[in-house]
Amino acid sequence: MTYPAVQLQPGRERSLRRFHPFVFSRALAREPEDIPDGAVVRVADSGGTVLGVGHYQQRGSIRVRMLAFEDTAIDAAFWQQALRSAWRLRTSLGLTQSPDTNAFRLVHGEGDGLPGLVADWYHGHVVLQPHTEGMRQSIGHPRAALEAVLGTKLKAVIAAGAGEAGEPEGCDILEHRHRFRVNWAAGQKTGFYLDQRENRHLLARYASGRRVLNVFSYSGAFSVYALAAGATHVCSVESSRQAAAWAAENLALNDLPSERHEAVVADAFDYLKSMPAGFELVVLDPPAFAKHASARHRAIQAYRRVNAAAMRRIEPGGILFTFSCSEVVTPDLFRGAVLAAAIEAGRNIRILHQLHQPPDHPVSIFHPEGEYLKGFVLHVG
Ligand code: SAH
């Protein structure tokens, strides 16, 4: 296979030799004009030595997302090898044969060497979500490779959101023995926030006997864990009416008492402005406030505001689980926003746990931006 080639400026090969997954436009010797968007290209150093292959993208500052750090074909064998290796990692994490959990992230973009591709496993169904033009165009390859590698373990491969006639729209999953109904056709992301699995499990340790407020609750996953762990009352706040309805459904699936749950469909910022007193455990899991670096400053202010509001009104001795999933808000910046909130609220705050995404969302050490989910468990004195 001969792929078109792009050439780096002298000295710009260093980051590729270190397995950094991106080539930025400013690193290229000249901008080629005739490479189709999404095509596979070879990347050569200034002396002409090919360092690897990746997906070319015309828009944005990232020109090539690397798929391999050698001169190789991106063929069926490549895709099968990549997916086999992703499956093996999840097996070593105890996820592929667990009696308690049958949903996990199977491919996490750069963290699995496949920039721009997400694949989530829901009890035998794989939902694929391409985030780049190259992955959109090649989506048939991971689909075929999954079938080849997983055989009869695989019930269906589905494109997120697209929903073709005859395809299932969702299924029921188990997460730490709790049941959830996932709807990938109408849901957010691929249908469920798999990245909070271990943090929900931790919440269960704090929930017993507490009055819980779950803000940005989506389909109520944190609420289910809290009630199952013996929370006296849980209030879920969510702006999407559909998501709130799913939360009620998930409570019922787990035989949890609906009289101990209240679903509030509201804007979280409005709700928090007049947050009622009496809550002893609060979860703040907002959507990514910043999708691009240009929105970073405003996002940090939004994190400060929601955290300060919750800190002000939570009961003394209360526990706050607070998260950020904005890739451009680094762990340090998020910590700064939470510190600013603590100062503003005038409460004595201690960090009990520092939280992250779970290991089925691995982070390439050469791509620290992949560490997108950050959180704290705070004790509010
Ligand atoms: N904690 C959830 C995931 C939360 S994702 C879980 O464990 O599954 C963020 C959620 O916030 C989404 O469901 C989104 O609909 C909701 N949301 C976004 N903006 C909001 C706002 N201003 N007020 C309330 N909910 C909001």
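Where is Arg177 found? Arg177 is found in the loop between β10 (170–175) and β11. Here are some notes to read beside the structure, which is a predicted model.

1. Backbone at Arg177. Let's stay with this residue for a moment. Arg177 is not a glycine, and yet its phi is positive, at about 75 degrees. The residue counts as exposed because its relative accessible area is 60%, and the cut-off for that class is over 50%.

2. Backbone at Tyr218. A positive phi also turns up at Tyr218, again not a glycine, with a value of about 45 degrees. You will find Tyr218 in the loop between β12 (211–215) and α6 (221–228). Buried or exposed, what is Tyr218? With a relative accessible area of 6%, Tyr218 is buried.

3. The cavity. Tyr218 comes up again here, since it helps to line the largest cavity. The count of cavities of 30 Å³ or more comes to one, and the space in the largest cavity is about 30 Å³. Besides Tyr218, the lining is made of Arg181, Val182, Asn183, Gly191, Ser219 and Trp246. Strand β11 gives the most to this lining, with three residues. Sorted by class, the lining of the largest cavity has three nonpolar residues, three polar ones and one charged one.

4. Arg181 and its partners. Arg181 is worth a second look, as this cavity-lining residue also forms a salt bridge with Glu249. The closest N and O atoms of Glu249 and Arg181 are 3.5 Å apart. Which parts of the chain does this pair link? Glu249 sits in helix α7 (residues 241–253) and Arg181 in strand β11 (residues 178–183), so the pair links distant parts of the chain, 68 residues apart. Both are partly exposed: Glu249 has a relative accessible area of 31%, and Arg181 has one of 36%. The pair also belongs to a network of salt bridges that links Asp172, Arg179, Arg181 and Glu249.

5. Arg59 and Asp37. How many salt bridges does a search of the whole structure find? The search finds 17. One of the pairs to look up is Arg59 with Asp37, whose side chains meet at 3.8 Å, N to O. Arg59 is in the loop between β4 (50–56) and β5 (62–68), while Asp37 is in the loop between β2 (22–24) and β3 (40–44), so this salt bridge ties together parts that are 22 residues apart in sequence. The two ends fall into separate accessibility classes: Arg59 counts as exposed at 54%, whereas Asp37 is buried, with a relative accessible area of 19%. The cut-off for buried is under 20%, which is why Asp37 is placed in that class.

6. Glu344 and Arg304. Another pair joins two helices. Glu344 forms a salt bridge with Arg304, with 2.5 Å between the closest N and O atoms. Glu344 belongs to helix α10 (residues 331–345) and Arg304 to helix α9 (residues 296–313), and the pair links these distant parts of the chain, 40 residues apart. Glu344 counts as partly exposed, at 38% relative accessibility.

7. The ligand site. Which residues are closest to the ligand? Of the 14 residues that surround the ligand, the closest are Gln188, Glu238, Asp267, Ala268 and Asp285. The side chain of Gln188 has an N or O atom 2.9 Å from an oxygen atom of the ligand. Arg200 also faces a ligand oxygen, with a polar side-chain atom 3.0 Å from it. For Asp285, the ligand atom is a nitrogen, and a polar side-chain atom of Asp285 lies 2.7 Å from it.

8. The second largest pocket. This pocket holds about 230 Å³ of space. It is lined by 16 residues, and those closest to its centre are Phe69, Glu110, Asp112, Gly113 and Leu114. Two elements, β5 and α2 (76–92), give two or more residues to the lining. Strand β5 gives the most, with three residues. By class, the lining of the second largest pocket divides into 11 nonpolar, three polar and two charged residues.

Note on methods:
Residues are numbered from 1 along each chain as its sequence is written. This is a predicted model: local features need pLDDT of at least 70, side-chain atom pairs count only at pLDDT 80 or more; totals for chains, interfaces and linings use all residues. Side-chain values use heavy atoms; hydrogens and water are left out. A salt bridge is a side-chain nitrogen of Lys or Arg within 4 Å of a carboxyl oxygen of Asp or Glu. Helices (H or I, at least four residues) and strands (E, at least two) are DSSP runs, numbered from the N terminus. Buried means under 20% relative accessible area, exposed over 50%, partly exposed in between (1.4 Å probe, protein chains only). On a 1 Å grid over the protein atoms alone, a cavity is a set of points where a 1.4 Å probe fits but cannot get out, and a pocket is an open set with protein on both sides within 12 Å along at least five of seven lines; lining residues have an atom within 4 Å of a point. Grid points are joined across faces, edges and corners, and a volume is the space filled by probe spheres set on the points. Ala, Val, Leu, Ile, Met, Phe, Trp, Tyr, Cys and Pro count as nonpolar, Asp, Glu, Lys and Arg as charged, and the others, Gly among them, as polar. A residue is near a molecule or strand if one of its heavy atoms lies within 4 Å of it. A polar contact is a pair of N or O atoms within 3.5 Å; within protein, one must be able to donate a hydrogen and the other to accept it, and residues adjacent in sequence count only if both atoms are side-chain atoms.
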